[in-house]
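Me: I would like a close look at one part of this protein. Please keep the sentences short and walk me through it step by step.

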Amino acid sequence: MSDVDAQKRAAAEAAAELVQSGMVVGLGTGSTAAWFVKALGARGLDITCVATSIATGELAASLGMKVAELGETREIDLTVDGADEIGPGLALIKGAGGALLREKLVWEASKRCVVIADAAKRVPVLGRFALPIEVVAFGHRTTALRICDALAECDIGTAPRLRLREGQPYRTDGGNVIYDAPCGRIRDPAALAAAVKSVTGVVEHGLFLDLADAALVGTPEGVTQLEP
Ligand code: 5RP
């Protein structure tokens, strides 16, 4: 196992210890979240899970975990999920795995959200990672032009790139497409979030602001807990 994978796994296993029987637990998406699902499955607790993607739901079900749809359970007690970048105040960029919309729906429906990651995900300023933006497939090229204008309003002069898989537009679980916008240093994440979200055709973006309650970050020295 690589050092990075060991850090992801350590953070995920620490997060699994936060879960108790009787809880409703939100399950994130991505390689770190998959370690969490496996660690949780191994604990054999009596819990109900809400998955943020088809892939995560299938993994949880294959481990014998009870999986419900969002809205079918009482409020989610705890959601644990990965991130692509962790900035100051636990502002995050998410969405490399393409599950940002379902992730944000589940995070916003949770009493507590804990992000798990390897140490390389921490950044002093958000923006090293291109910002994923989920867009309705109908007319997405036109929407992309309007996203360009919204980025320009925030002094970000970049052209979002349509995400491809095997030469075809990547489709999310909801059937939408994703544009990745290399923003560089994001000086005002809240302003950028508002500008992008105001474009008709944008379903959601990968800026997760004021949503994470804590982070568990795997490092070569062990797992560090961060607060906003
Ligand atoms: C999926 C995500 C993931 O949480 C993010 O991409 C981190 O992935 P990984 O744990 O594989 O590094 O936002 O939409």
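Which residue forms a salt bridge with Asp173, and how far apart are the closest N and O atoms?

Reply: Asp173 forms a salt bridge with Arg102. Their closest N and O atoms are 4.0 Å apart. Keep in mind that this is a predicted model. The rule accepts a side-chain nitrogen within 4 Å of a carboxyl oxygen. In general, side chains of opposite charge can pair when their charged atoms come close.

Now place the pair. The protein is divided into domain 1 (3–122 + 209–221) and domain 2 (131–204). Arg102 falls within the bounds of domain 1, and Asp173 within those of domain 2. Across the interface of these two domains the rule finds 2 salt bridges. It also finds 5 residue pairs in polar contact there, with both residues at pLDDT 80 or more.

Which element gives domain 1 the largest share of its touching side? That is helix 4 (residues 100–108), with 4 residues. The side of domain 1 that touches domain 2 is mixed in character: 6 residues are nonpolar, 4 are polar and 3 are charged.

Step back to the whole interface. In total, 13 residues of domain 1 are in contact with 16 residues of domain 2. The area buried between the domains is about 1,000 Å². Carbon and sulfur atoms give 63% of that area. The C-alpha centres of the two domains lie 24 Å apart.

Next, the ligand. Helix 4 covers residues 100–108, and Glu103 has a number in that range. A polar side-chain atom of Glu103 lies 3.1 Å from an oxygen atom of the ligand. Asp84 also offers a polar side-chain atom, 2.6 Å from a ligand oxygen. Gly97 uses its backbone instead: a polar atom there is 3.4 Å from an oxygen atom of the ligand. There are 17 residues around the ligand. Ser31, Thr32, Asp84, Gly95 and Lys121 come nearest.

Finally, look beyond the interface. The structure holds 11 salt bridges. One of them joins the side chains of Lys111 and Asp77, at 3.0 Å from N to O. Lys111 lies in strand 7 (residues 110–118) and Asp77 in strand 4 (residues 76–81), so this pair ties together parts that are 34 residues apart in sequence.

Note on methods. Residues are numbered from 1 along each chain as its sequence is written. This is a predicted model: local features need pLDDT of at least 70, side-chain atom pairs count only at pLDDT 80 or more; totals for chains, interfaces and linings use all residues. Side-chain values use heavy atoms; hydrogens and water are left out. Domain bounds come from an automatic or database domain assignment. Contact means heavy atoms within 4.5 Å. Buried area is the accessible area (1.4 Å probe) that two parts lose on being put together, summed over both. A polar contact is a pair of N or O atoms within 3.5 Å; within protein, one must be able to donate a hydrogen and the other to accept it, and residues adjacent in sequence count only if both atoms are side-chain atoms. Helices (H or I, at least four residues) and strands (E, at least two) are DSSP runs, numbered from the N terminus. Ala, Val, Leu, Ile, Met, Phe, Trp, Tyr, Cys and Pro count as nonpolar, Asp, Glu, Lys and Arg as charged, and the others, Gly among them, as polar. A residue is near a molecule or strand if one of its heavy atoms lies within 4 Å of it.
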